[in-house]
Amino acid sequence: MERIVIVTGANSGIGLALCERLLTQDSALRLCLACRNMQRAEAARSALLTSHPSAHVDLLHLDVGSVRSVLSAAQEVQARYSKVDYLYLNAGIMPNPQVDLKTLFKGLFSRNVVHMFATAEGLLTQQDRVNSDGLQEVFATNLFGHFLLIRELEPMLCQADLTSSVIWTSSSNACRSAFSLEDIQHKDGKEPYSSSKYASDLISLALNRHMNSQGLYSSVVCPGMVMTNLTYGILPHFFWTLIMPIMWLIRLFTNTFTITPYNGAEALHWLFLQKPQCLDPRSKYHSLTSGFGKNYTQPQKMDIDDSLSEELYSALIELEKEVKRKL
Ligand SMILES: NC(=O)C1=CN([C@@H]2O[C@H](COP(=O)(O)OP(=O)(O)OC[C@H]3O[C@@H](n4cnc5c(N)ncnc54)[C@H](OP(=O)(O)O)[C@@H]3O)[C@@H](O)[C@H]2O)C=CC1
Ligand SMILES: CC(C)=CCC[C@@H](C)[C@H]1CC[C@H]2C3=C(CC[C@]12C)[C@@]1(C)CCC(=O)C[C@@H]1CC3
């Protein structure tokens, strides 16, 4: 039977590289690029069809940061397909990032240097804003829109005698200290990105608890440090060009510098090949690249607990009711 794969944020970076890899793996699958900008989506589709002329590539308009858009995209999916086998929740933003240069400089000469380059912990802040649904934009895009999409697609993901995989592109920057149950949208802090990624780790665990019995399995991935539009937005272009040789050098000391979108998509691709029932719901699957350029996937236990994940799950269900009431 034809497998249906939906990828959010598929028009660039890790999402687009994943699509290339999936089509190389299985040219018979039906790939749906779920994007907010249809011009960019069409360009991505053309690029994919150039390398895979007989592939089935569909486009879906989806702005994960808008409740209305998520609801109508989910309706469109139900009208087009009879089931969804893989749902890659990959779209993400990091608006107005600021690097704390003092911490970066200090870190360079500390014992924590490898950890700092792997996680960027304490190094990055962002300026968030409220979107037209009245939600914090980073939370809405990176977490809540995707959560709503899963909820709306439940009948498509939970089919009798079939399993489905929901795969979140999380990050090594997901940090417990950035997340608070009292402020799930991270209105009051300066690390909304880190908070939203930690929340996706928690939600994945809760989804497994609630949905495994219906055939839905959720996993989280860390693609490593990848050069994409998102990372190019952190520092000026000329700076990245200048430090590029250093980046390749850093790879000799940390396997988390995957650098290219192809390498970053390694764990996302690897999960496509696994039986979802055999995966560990408490592990994050990391894309890693050795100093010699060899790609591999490694699971690492996450710093998450059941009660926090359950409380966040309940909070999102409540928020879902609230936003739907307001429509
Ligand atoms: N690059 C890195 O080092 C790392 C990235 N990640 C995560 O990987 C994922 C992919 O990012 P990456 O490839 O790096 O960066 P890109 O900016 O290249 O890709 C992000 C994708 O998400 C899309 N997107 C953003 N907002 C929305 C929205 N509201 N609705 C629909 N699509 C949207 C973008 O579309 P558009 O082109 O229209 O903006 C783009 O296609 C993100 O979740 C990111 O957090 C995690 C760890 C490290
Ligand atoms: C000298 C030199 C190489 C400087 C670059 C320092 C920083 C700009 C990077 C060090 C660790 C990086 C990192 C990310 C962005 C760029 C760094 C802060 C991410 C936060 C990008 C998005 C993620 O989800 C995780 C990445 C972790 C590492």
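The exercises below, each with a worked solution, concern a predicted model.

Residues are numbered from 1 along each chain as its sequence is written, while chains are lettered from A and ligands numbered from 1 in the order in which they are written. Local features need pLDDT of at least 70 and side-chain atom pairs count only at pLDDT 80 or more, whereas totals for chains, interfaces and linings use all residues.

**Exercise 1. The sheet**

Task: give the strand order of the open sheet and state which strands stand at its edges.

Solution. Step 1: fix the terms. Strands (E, at least two residues) and helices (H or I, at least four) are DSSP runs numbered from the N terminus. Two strands pair if DSSP finds at least two bridges between them. Strands of a sheet pair through backbone hydrogen bonds, either parallel or antiparallel.

Step 2: read the order. Eight strands make up the open sheet, arranged 3-2-1-4-7-8-9-10, with mixed pairing.

Step 3: find the edges. Strand 3 (56–61) and strand 10 (295–301) each have a single partner strand, so one side of each has no neighbour in the sheet.

Step 4: add the twist. From one strand to the next it averages 25°, where axes are lines fitted to C-alpha atoms (for helices over the stretch in contact) and angles run from 0 to 180 degrees between N-to-C directions.

**Exercise 2. Strand 7 and its partners**

Task: describe how strand 7 is joined to strand 4 and to strand 8, and decide whether its residues are buried or exposed.

Solution. Step 1: take strand 4 (residues 86–89), which runs parallel to strand 7 and is joined to it by four bridges. L89 has W168 of strand 7 as its bridge partner.

Step 2: take strand 8. Strand 7 (residues 164–169) and strand 8 are also parallel, with six bridges between them. S164 is bridged to L216 of strand 8, and S165 stands opposite Y217.

Step 3: follow the connection. Between strand 7 and strand 8 the chain passes through helix 8 (residues 192–211), in a right-handed β-α-β crossover. Right-handed here means that, with the strands pointing away from the viewer, the path from the first strand over the helix to the second runs clockwise.

Step 4: assess burial. A residue is buried if 20 or more other C-beta atoms lie within 10 Å of its own, exposed if 12 or fewer, and partly exposed in between, with C-beta atoms placed from the backbone. Six of the six residues of strand 7 are buried, so the strand is largely enclosed by the rest of the structure. S164, V166 and W168 are on one side and S165, I167 and T169 on the other, and both faces are covered.

**Exercise 3. Two buried residues**

Task: place V221 and A44 and list their contacts beyond four places in sequence.

Solution. Step 1: V221 belongs to strand 8 (residues 216–222). It counts as buried because 29 C-beta neighbours are inside 10 Å.

Step 2: in contact means C-beta atoms, placed from the backbone, within 7 Å. For V221 the contacts are I167, W168, T169, S170, A267, L268, L271, K284, Y285 and S287. S170 is 51 residues from V221 in sequence, yet their C-alpha atoms are 5.4 Å apart.

Step 3: A44 lies in helix 2 (residues 38–51) and counts as buried, with 23 C-beta neighbours inside 10 Å. Its contacts are A10, N11, L16 and L33. A44 and A10, 34 residues apart in sequence, are separated by 7.7 Å from C-alpha to C-alpha.

**Exercise 4. The ligand shells**

Task: describe the surroundings of ligand 1 and ligand 2.

Solution. Step 1: a residue is near a molecule or strand if its C-beta atom, placed from the backbone, lies within 6 Å of it.

Step 2: ligand 1 has 29 residues around it, and G9, G13, G92, T228 and L230 come nearest. Helix 1 (13–25) and helix 9 (229–232) are the elements that give two or more residues.

Step 3: ligand 2 has 17 residues around it, of which F117, A120, S171, N173 and M225 come nearest. Helix 5 (113–119) and helix 10 (237–250) each supply at least two residues, and helix 10 gives the most, with three.

Step 4: sort by class. Ala, Val, Leu, Ile, Met, Phe, Trp, Tyr, Cys and Pro count as nonpolar, Asp, Glu, Lys and Arg as charged, and the others, Gly among them, as polar. The shell around ligand 1 has 10 nonpolar, 16 polar and three charged residues. Around ligand 2 there are 12 nonpolar, five polar and no charged residues.

Methods. Two residues are in contact if their C-beta atoms, placed from the backbone, lie within 7 Å.
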